[in-house]
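Reader: I am new to this structure. Could you take me through the reasoning behind the labels?

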Amino acid sequence: MGLLSKKDAALIKDPLADNNPITIQVLGICSALAITAELEAAIVMSISVLFVLGIGNVVISLMRNIIPSKIRIIVQLIVVAALVIIVDQVLKAFAYELSKTLSVFVGLIITNCIIMGRFEAFALGNGPWRSFLDGVGNSAGYGVILIIVAFFRELLGAGTLLGFKVLGDPIEKTGVYALGYENNGFMLLAPMALIVVGIIIWVQRSKNNALIED
């Protein structure tokens, strides 16, 4: 972060830890439930949000002085919808099977509270560069949680990571399956995502008492 001032560096670092949009601000929980059963889907969603929020913040920042306040939400929705359409078309062109898996969830990026919240709370009041850093920081914080949750859900629920068998073959009973291990199918169900996120929140607050509410 040597190239950035302390304030600029904080825009990227804070959302990764003490101001994480999912575990601290409790935003974007829906996608954490919906697409974290597979690590690949979580990674692609994280990259998609990074693109939409990073570019969207810059666009809103550049337009902040000409957007009438009465229609700012509509303008924000148009900007994010246009960026989501680009993401959707790129996925269909280069990762069609994955695009079918994500399907409606990519479209729901439009209503992601994190994106609209950063447009409203930051991009409308700051310049393009700082808005870009804010978008990168918050989307990275969002993505880190998604990837952590997906890692444990896919590993413990299916015994795979990115589709590759890393614990052995459950049919032929190789690897850890030879020791009697069985995949925990509950990990692939949406409620388990909440439990994993809850564990992350608990660990985060146990390391930083300042995050514990009175």
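Author: What follows is a set of questions and answers on this predicted model.

Reader: What is the overall make-up of the protein?

Author: The protein has nine helices and two strands. Along the sequence the pattern runs α-α-α-α-α-α-α-α-β-β-α. The C-alpha trace spans about 65 × 45 × 35 Å along its principal axes. Of the 214 residues, 41% count as buried.

Reader: How do you know that residues far apart in sequence account for many of the contacts?

Author: Take the contacts with a separation of 6 or more. Residues 24 or more positions apart account for 74% of them.

Reader: What makes a set of residues a nonpolar core, and which residues have the most contacts inside the largest one?

Author: Two conditions apply: the residues must be buried nonpolar ones, and side-chain atoms within 4.5 Å must join them. The largest such core has 44 residues. Met45, Val52, Leu102, Ile109, Ile115 and Leu146 have the most contacts inside this core. Helices α3 (39-63), α4 (72-94), α5 (96-102), α7 (113-121), α8 (128-158) and α9 (190-207) each supply at least two of its residues. Helix α3 gives the most, with nine residues.

Reader: Which residues does Met45 touch, leaving aside its neighbours within four places in sequence?

Author: Met45 is in contact with Ile35, Leu102, Phe105, Val106, Ile109, Tyr142 and Leu146. Apart from the largest core lies another, of six residues. Leu4, Ile12, Phe122 and Leu133 are among them.

Reader: Why is Phe152 called partly exposed?

Author: Partly exposed runs between the 20% and 50% cut-offs. Phe152 has 38% relative accessibility, so Phe152 counts as partly exposed. Phe152 is found in helix α8. With Leu16, Val144, Ile148, Phe151 and Leu156, Phe152 forms a nonpolar patch on the surface. Together these residues have about 440 Å² of accessible area.

Reader: What makes Arg130 and Asp8 a salt bridge?

Author: The nitrogen and the carboxyl oxygen must lie within 4 Å. The closest N and O atoms of Arg130 and Asp8 are 3.0 Å apart, so the pair meets the cut-off. Arg130 lies in helix α8 and Asp8 in helix α1 (residues 6-13), so this salt bridge ties together parts that are 122 residues apart in sequence.

Reader: Why is Asp8 called buried, and why is Arg130 called partly exposed?

Author: Buried means under 20%. Asp8 has 13% relative accessibility, so Asp8 is buried. Arg130 has a relative accessible area of 27%, which lies between 20% and 50%, so Arg130 is partly exposed.

Reader: How do you know that Arg118 forms a salt bridge with Asp134?

Author: The closest N and O atoms of Arg118 and Asp134 are 2.8 Å apart, so they fall within 4 Å. Arg118 is in helix α7 and Asp134 in helix α8, 16 residues apart. Both Arg118 and Asp134 are buried.

Reader: What makes Lys173 and Glu182 a salt bridge, and why are they called partly exposed?

Author: The closest N and O atoms of Lys173 and Glu182 are 2.8 Å apart, so this pair also falls within 4 Å. Lys173 has 39% relative accessibility, so Lys173 is partly exposed by the 20% and 50% cut-offs. Glu182 has 48%, so Glu182 is partly exposed too.

Reader: How many salt bridges does the whole structure hold?

Author: A search finds six salt bridges.

Technical notes: Residues are numbered from 1 along each chain as its sequence is written. This is a predicted model: local features need pLDDT of at least 70, side-chain atom pairs count only at pLDDT 80 or more; totals for chains, interfaces and linings use all residues. Side-chain values use heavy atoms; hydrogens and water are left out. Buried means under 20% relative accessible area, exposed over 50%, partly exposed in between (1.4 Å probe, protein chains only). Helices (H or I, at least four residues) and strands (E, at least two) are DSSP runs, numbered from the N terminus. Contact means heavy atoms within 4.5 Å. Patches are made of residues with over 30% relative accessible area and no salt bridge: like charges are joined within 9 Å, nonpolar side chains (Val, Leu, Ile, Met, Phe, Trp, Tyr) within 5 Å. Accessible areas come from the Shrake-Rupley method with a 1.4 Å probe; for residues, only the protein chains shown count as cover. A salt bridge is a side-chain nitrogen of Lys or Arg within 4 Å of a carboxyl oxygen of Asp or Glu.
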